[in-house]
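User: I am new to reading protein models. Please pick one part of this one and take me through it closely, with its surroundings.

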Amino acid sequence: MKRSTFLLGAAALALTACAGAPPAPTLGPDGKPLPQVYRIRSSDTGRIQFRMLDALNALRQASGAPALELNARLNAAAATHARDMSVQNRPWHFGSDGSSPITRIQRAGYNGRLVGEALSETYETELETLGAWMEAPNTRAVLLDPSARDMGFSWYQEANGKIWWDLVLGAPEETGFVPVNAPS
């Protein structure tokens, strides 16, 4: 029995040696591994949106800004614009119909004020994209703006894997309404 165990072990070791090491990642001209395509399934939507919300809220908390909440209307505005950027083949703040971010959030039924919008055309994940946005001073200022309370976040992924990200921040409209039973 010891001999058969030894032979099985030796055979397994030999097969492992034949398999060799896993292939090295393909490197780009900068010596870094080339990115892998990040495929997003429709069932990933909620998970990705909440991962972005949690990551951004952690950064906002560290800067002293209040937490954001996901807003369905801002999500809709972001989704519409992400697809439109793909159609236009350029990441910019204007729709193919000439619409601005303000117009798009109004069309989606958001009654608050636009704080700002962050866009990206990339093959990177949402957290890698957030990292890139945080490195740019103007985008970082939008993401950490203390007046923002609502977040919309969506994307459009092309068949080749390219992702068009859109994050919209809004501030709810202050109505000045004071309930009758409110303590004074």
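Analyst: Start with the contacts. Among contacts with a separation of 6 or more, 67% join residues 24 or more positions apart. Keep in mind that this is a predicted model.

Now the overall plan. The protein has six helices and four strands. From the N terminus on, their order is α-α-β-α-α-β-α-α-β-β. Of the 184 residues, 36% are buried. The protein exposes about 11400 Å², and carbon and sulfur atoms supply 58% of that area.

The part to look at closely is strand β4, residues 163–171. How many of the residues of β4 are buried? Nine of the nine are, so the strand is largely enclosed by the rest of the structure. A residue counts as buried when its relative accessible area is under 20%.

Take the two faces of β4 in turn. On one side sit Ile163, Trp165, Leu167, Leu169 and Ala171. On the other side sit Trp164, Asp166, Val168 and Gly170. Both faces are covered.

Next, the strands that pair with β4. One partner is β3, residues 150–157. Eight bridges join β3 to β4, and the two run antiparallel. Two of the paired positions are easy to find. Tyr156 has Trp164 as its bridge partner in β4. Trp155 is partnered by Trp165.

β3 and β4 also form a hairpin, with five residues between them. Look for Gly161 in that turn: its phi is positive, about 100 degrees.

β3 is enclosed as well. Seven of its eight residues are buried, so the rest of the structure largely surrounds β3 too. β3 also pairs with strand β1, residues 69–70. Here two bridges make the link, and the strands run parallel. Glu69 stands opposite Asp150 in β3.

Now go back to β4 for its other listed partner, β2. Nine bridges join β2 to β4, again antiparallel. Glu117 stands opposite Val168 in β4.

Arg113 is found in strand β2. Arg113 has a relative accessible area of 44%, so it is partly exposed. Arg113 touches Leu169, Gly170 and Ala171, and also Ile105 and Ser147, leaving aside residues up to four places away in sequence. The side chains of Arg113 and Ser147 make a polar contact of 3.0 Å. Ile102 is eleven residues from Arg113 in sequence, and their C-alpha atoms are 7.9 Å apart.

What does β4 contribute to the inside? The largest nonpolar core has 22 residues. Seven of them touch the most other members: Trp133, Leu143, Met151, Phe153, Trp165, Leu167 and Leu169. Two or more residues each come from α2 (45–63), β2 (113–122), α5 (126–135), β3 and β4. β4 gives the most, with five residues.

Leu143 shows how these pieces meet. Leu143 touches Leu167 and Leu169, as well as Leu56, Arg60, Ala118, Leu130, Trp133 and Met134. That list leaves out residues up to four places away in sequence. Apart from this core lies another, of six residues. Its members include Leu74, Ala77, Ala78 and Val168.

Now look at helix α5. Its buried residues are Glu126, Thr129, Leu130, Trp133 and Met134. Seen down the helix axis, the buried residues fall within an arc of 140 degrees, so they line one face of α5. What covers them includes β4, along with α2, β2, α6 (137–143) and β3.

One last residue links back to places already visited. Arg104 is found in helix α4, residues 101–107. Is Arg104 buried or exposed? At 7% relative accessibility, Arg104 is buried. Its contacts include Glu117 and Ala77. Recall that Glu117 stands opposite Val168 in β4, and that Ala77 is one of the members of the six-residue core. Arg104 also touches His81, His93, Phe94, Gly95 and Ser99, not counting residues up to four places away in sequence.

To sum up, β4 pairs with β3 through eight bridges and with β2 through nine. Both of its faces are covered, and β4 gives five residues to the largest nonpolar core.

Terms used. Residues numbered from 1 in each chain as written. Predicted model: local features only at pLDDT ≥ 70, side-chain atom pairs only at ≥ 80, totals over all residues. Heavy atoms only, no water. Buried < 20%, exposed > 50% of the residue type's maximum accessible area, 1.4 Å probe, protein only. Pairing = 2+ DSSP bridges. Core = buried A, V, L, I, M, F, W, Y, C linked by side-chain atoms within 4.5 Å. Contact = heavy atoms within 4.5 Å. Polar contact = N/O pair within 3.5 Å; in protein donor to acceptor, adjacent residues only side chain to side chain. Areas by Shrake-Rupley, 256 points an atom, 1.4 Å probe, with all protein chains shown as cover. Arc of directions from axis to C-beta.
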